[in-house]
Amino acid sequence: MGLLTQLLTLPLAPVRGTVWVLDQVLLTAEREYYDPAPVRAELAALEQQLLDGSIGPDEFDSREDELLDRLEWLEAHRQRLRTDS
């Protein structure tokens, strides 16, 4: 980028900075949303609740199915990202 171009686009610097910050926030939010670790932790906690007797087998099965569906969906999303890249 030449000196003249930098001088002419200098007033846009705050906008470029704001856009960069928003991009970083979006990337971080997406990383957290699509992270399978919290779902796996919830599965482990659910199993512990079953072993402790605080939930019954029917409730365990229902919630486990929901969490496993969520994990499957997350894995499918990760596969789509790999094939799109």
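Is E72 buried or exposed? E72 is exposed, at a relative accessible area of 57%. Before I go on, a reminder that what you see above is a predicted model.

I'll start with the overall layout. The chain has four helices and zero strands. In sequence order the pattern reads α-α-α-α. The radius of gyration is 22 Å, well over the 12 Å that the globule rule gives for 85 residues, so the chain is more spread out than a compact globule. The C-alpha trace spans about 70 × 30 × 15 Å along its principal axes. As for burial, 12% of the 85 residues count as buried.

Two pairs of residues give some sense of distances across the chain. The first pair is D84 and V15: they sit 69 residues apart in sequence, and their C-alpha atoms are 29 Å apart in space. D84 belongs to helix α4 and is exposed, with a relative accessible area of 64%. The second pair is T83 and T5, with their positions 78 residues apart in sequence and 37 Å from C-alpha to C-alpha. T83 is also placed in helix α4, and at 61% relative accessibility T83 counts as exposed.

Now the surface, beginning with charge. Back to E72, which lies in helix α4, residues 57-84. E72 is one of the residues in a patch of negative charge on the surface. The full membership is D58, D61, D65, E66, D69 and E72. For anyone setting up electrostatics on this model, that is the set of names to write down.

Next, salt bridges. How many does a search of the whole structure find? The search gives two.

One of them joins R63 and E59, where the closest N and O atoms are 3.3 Å apart. These two residues are four apart in helix α4, so about one helical turn separates R63 from E59. On accessibility, R63 comes out at 27% and counts as partly exposed. E59 has a value of 39% and is likewise partly exposed.

The other salt bridge is between E75 and R82, and here the closest N and O atoms lie 3.9 Å apart. The cut-off for a salt bridge is 4 Å, so the E75 to R82 contact at 3.9 Å falls within it. E75 is partly exposed at 35% relative accessibility, and R82 is partly exposed at 47%.

Last, the nonpolar side of the surface. Which residues form a nonpolar patch there? They are L12, V15 and V19, and together they have about 260 Å² of accessible area. L12 is found in the loop between α1, residues 3-9, and α2, residues 13-33. With a relative accessible area of 47%, L12 is partly exposed. V15 has come up already, as the partner of D84 in the 29 Å C-alpha distance.

To recap: four helices and zero strands, in a chain that is more spread out than a compact globule. The surface carries a negative patch that includes E72 and a nonpolar patch of L12, V15 and V19. Two salt bridges are found in the whole structure, R63 with E59 and E75 with R82. That is what I have on this model.

Note on methods:
Residues numbered from 1 in each chain as written. Predicted model: local features only at pLDDT ≥ 70, side-chain atom pairs only at ≥ 80, totals over all residues. Heavy atoms only, no water. Patch = residues over 30% accessible without salt bridge, like charges linked within 9 Å, V, L, I, M, F, W, Y side chains within 5 Å. Areas by Shrake-Rupley, 256 points an atom, 1.4 Å probe, with all protein chains shown as cover. Salt bridge = Lys/Arg side-chain N within 4 Å of Asp/Glu carboxyl O. Lys, Arg positive; Asp, Glu negative; His and termini not counted. Charge placed at Lys NZ, Arg CZ, Asp CG, Glu CD. Buried < 20%, exposed > 50% of the residue type's maximum accessible area, 1.4 Å probe, protein only. Rg over C-alpha atoms; globule rule 2.2 N^0.38 Å.
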